[in-house]
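Good morning, everyone, and thank you for making the time. Please have a look at the protein on the screen, and then I will walk you through its overall build and one strand inside it.

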Amino acid sequence: MPHDTRYAFLPVLHHHGLSLNPLSIETLQVNMGKLCNQACQHCHVDASPYRTEQMDRKTIDQCLKILSENHGIKNLDITGGAPELNPGFDDFVVRAGELGKHIMVRHNLTVTLDGHPGTRVSKRYLPDFFARNRVEVISSLPYYQEYFTDKQRGKGVFQKSIESLKMLNARGYGKEGGPLVLNLVYNPVGAFLPAAQSGLEADFKRQLGRQFGIVFNRLYTITNMPIHRFRDQLEHLGAYDDYMTKLVNAFNPAAAEGVMCRSLASVGYDGKLYDCDFNQMLEMPIENGEPMTVFNFDPDKILKRRILFASHCFGCTAGSGSSCGGTTA
């Protein structure tokens, strides 16, 4: 249910005199499919080893065509599922790099060790592949303690994540001032807003360094979005209304002005365009008489569009804000 009228977002924007029009298309965020080696409790994509949706070669090539044209797009942000499980992933990265784009991959760490959940094809080459192509790696790690990470992401995930982080560090990732960027993502285990990003980053660096000798560049804090699995979990616990009230009461106009949908276009595995990854999962496409896709990509129309907002948007505007790059205020 993408629009919960009990928690209407637009009236709050209007009350604060905000319109939040698009500013640019600085980043093309591409979801390569919903297949994943994990099935995390908080996953807004509903990804799992049993999903079959995958971006096809024709759509990947069209994304590359868009990147090759002069639309002001600087960044390619690749996500999933586990995007590395798409057969076209490696070529996509290489060719986007040849176009001079800054490439970010939303990498869950454990896919390196687990491989493909169906074929068991190994992915242990990924740390070397990422380093060779100067990919910025962005990886979720709910906490620096095993219990909380495994509670959210599944038994054994923490230890695999630590091993994978060590593999990335061995290739030079995460070193201060180095060319290979490794950023971690924290989202709370439960119906809470994340604590201050700077303080958590210091805690993560101290604990991961002390316990495991792991280094990384930045920690991004992200609010759990009240959609799909996390919403189901909240409703099962009778906590959905309390959580939404918490998000609404924490609305921050400064955070709202920095939301990612103002400078990003999100591409679904089928090529449809969305304002953000969350709207994508709620099937709220960008439309101009008909759904816009990578095959009728028109930057002028995208920049003139009206961004679609709904109740879940309170998740991006609460407290210090939440985006794919962490806080927004």
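**Surface, build and one strand**

Let me begin at the outside: the accessible surface of the protein chain comes to about 13,900 Å², and 50% of that surface belongs to carbon and sulfur atoms. Please keep in mind that what you see is a predicted model.

The protein chain carries 35 positive and 34 negative side chains, and the centres of these two sets lie 4 Å apart.

Turning to the fold, the secondary structure consists of 14 helices and 8 strands. The radius of gyration is 19 Å, close to the 20 Å that the globule rule gives for 329 residues, so the protein chain is as compact as a globular protein of that length. Of the 329 residues, 57% count as buried, and among contacts between residues at least 6 apart in sequence, 74% join residues at least 24 apart.

Now, where does strand S5 sit with respect to the rest of the structure? 5 of the 5 residues of S5, which covers residues 182-186, are buried, so this strand is largely enclosed by the rest of the structure. Both of its faces are covered, with Leu182, Leu184 and Tyr186 buried on one side and Asn183 and Val185 buried on the other.

S5 also has partners: strand S4, residues 136-140, runs parallel to S5 and is joined to it by 4 bridges, and Val185 in S5 is the bridge partner of Ser140. Strand S6, residues 218-221, likewise runs parallel to S5, with 4 bridges joining the two, and here Leu184 has Leu219 in S6 as its bridge partner.

Key
Residues are numbered from 1 along each chain as its sequence is written. This is a predicted model: local features need pLDDT of at least 70, side-chain atom pairs count only at pLDDT 80 or more; totals for chains, interfaces and linings use all residues. Side-chain values use heavy atoms; hydrogens and water are left out. The radius of gyration is taken over C-alpha atoms; the globule rule is 2.2 Å times the number of residues to the power 0.38. Buried means under 20% relative accessible area, exposed over 50%, partly exposed in between (1.4 Å probe, protein chains only). Contact means heavy atoms within 4.5 Å. Accessible areas come from the Shrake-Rupley method with a 1.4 Å probe; for residues, only the protein chains shown count as cover. Lys and Arg count as positive and Asp and Glu as negative; His and the chain ends are not counted. The place of a charge is taken as NZ of Lys, CZ of Arg, CG of Asp or CD of Glu. Two strands pair if DSSP finds at least two bridges between them.
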